[in-house]
Amino acid sequence: MIAAPTPSNEAERLAALYALLLLDTPPEQRFDKIVEFAAGEFEVPIALISLLDTDRQWFKAAIGLGDTCQTGRDISFCGHAIMRAEIMVVEDALLDERFHDNPLVTGAPHIRFYAGAPLILSNGMALGTLCIIDTKPRHLDPMALAILSTLRSLVIQELENSHG
C-alpha cells in the first residue's frame, strides 16, 4: 500500500476545511440527497462525501457504510484523489499498486472500484471528494464521468453556500 500523500498547501487546505464548520456535524438532507442519487445513478453499494482532516477522512454523507463515519486518512483513497483536479478512477483496486494490499480492499468494505471527484473550492483548496465505490471492478464511460462531475459541482456549491 502506498499511503496518501500530503498536499503542499496542507495548512491552508485545513484552514479552509475548518472554516466551513462542517466536521463532525449531523447529517444534512442537502448532502444526503446527492450521495443517494449517486448510489442509485451508478448502481454502486457505496457513495460518500468525504472531507479530509489532518489524520482522518470524515464522511459528511454516506450510503453503504453502516455506522462508519470516518477512516484513517493514511489508508484513504480520497487522500490520493485530492492531489489532482480530475476525477481519480481505480477500475480494479487489486491491480493498483497504491491500493492492492490496503485494508479497505483486503477487508471490509472490500473496495475494488473507486471513482473520486475532488471537491475543490473556488479558492483552489481541495477539501475532500464525492466518491462512488463498488465491490467489483468497473469502468466509467465519458458520460458517467460527466454525471459524476456535475454531482461534484452540486456538492461544491453546497459547501461554498455553507460558509459564505
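How many disulfides does a search of the whole structure find? The search finds zero. A disulfide is a covalent bond between the sulfur atoms of two cysteines. The model here is predicted, and every value below is computed from it.

Take Cys69. Cys69 is in no disulfide. The nearest cysteine sulfur belongs to Cys78, and that sulfur is 14 Å away. To count as a disulfide, two cysteine sulfur atoms must lie within 2.5 Å. Is Cys69 buried, partly exposed or exposed? Cys69 counts as partly exposed, because its relative accessibility is 39%.

Now turn to Cys131. Which cysteine sulfur is nearest to that of Cys131? Again the answer is Cys78, here at 3.9 Å. Cys131 is in no disulfide either. The cut-off for a disulfide is 2.5 Å, and the 3.9 Å from Cys131 to Cys78 does not meet it. The relative accessibility of Cys131 is 0%, so this residue counts as buried.

Next, look at Arg13. This arginine sits in helix α1, which covers residues 10-19. Is Arg13 buried or exposed? Arg13 has a relative accessibility of 1%, so it counts as buried. What does its side chain reach? A polar atom of the Arg13 side chain lies 2.8 Å from the backbone oxygen of Leu52. Leu52 is also among the residues that Arg13 touches, once residues up to four places away in sequence are set aside. The others are Pro7, Asp53, Arg73, Ile82, Met125, Ala126 and Leu127. Find them in the structure, and you will see what surrounds this side of helix α1.

Now step back to the whole chain. The protein has five helices and six strands. Follow the elements from the N terminus, and they run α-α-β-β-β-α-β-α-β-β-α.

How do distant parts of the sequence meet? Consider the contacts with a separation of 6 or more. Of these, 62% join residues 24 or more positions apart.

What about overall size? Along its principal axes, the C-alpha trace spans about 40 × 30 × 30 Å. The radius of gyration is 14 Å. A compact globule with 164 residues would have a value near 15 Å, so the protein agrees with that expectation.

Finally, consider the surface and the interior. Of the 164 residues, 49% count as buried; Arg13 and Cys131 also carry that label. The protein exposes about 7500 Å². Carbon and sulfur atoms supply 55% of that area.

Definitions and conventions. Residues numbered from 1 in each chain as written. Predicted model: local features only at pLDDT ≥ 70, side-chain atom pairs only at ≥ 80, totals over all residues. Heavy atoms only, no water. Buried < 20%, exposed > 50% of the residue type's maximum accessible area, 1.4 Å probe, protein only. Helix = DSSP H or I, 4+ residues; strand = E, 2+ residues; numbered from the N terminus. Polar contact = N/O pair within 3.5 Å; in protein donor to acceptor, adjacent residues only side chain to side chain. Contact = heavy atoms within 4.5 Å. Rg over C-alpha atoms; globule rule 2.2 N^0.38 Å. Areas by Shrake-Rupley, 256 points an atom, 1.4 Å probe, with all protein chains shown as cover.
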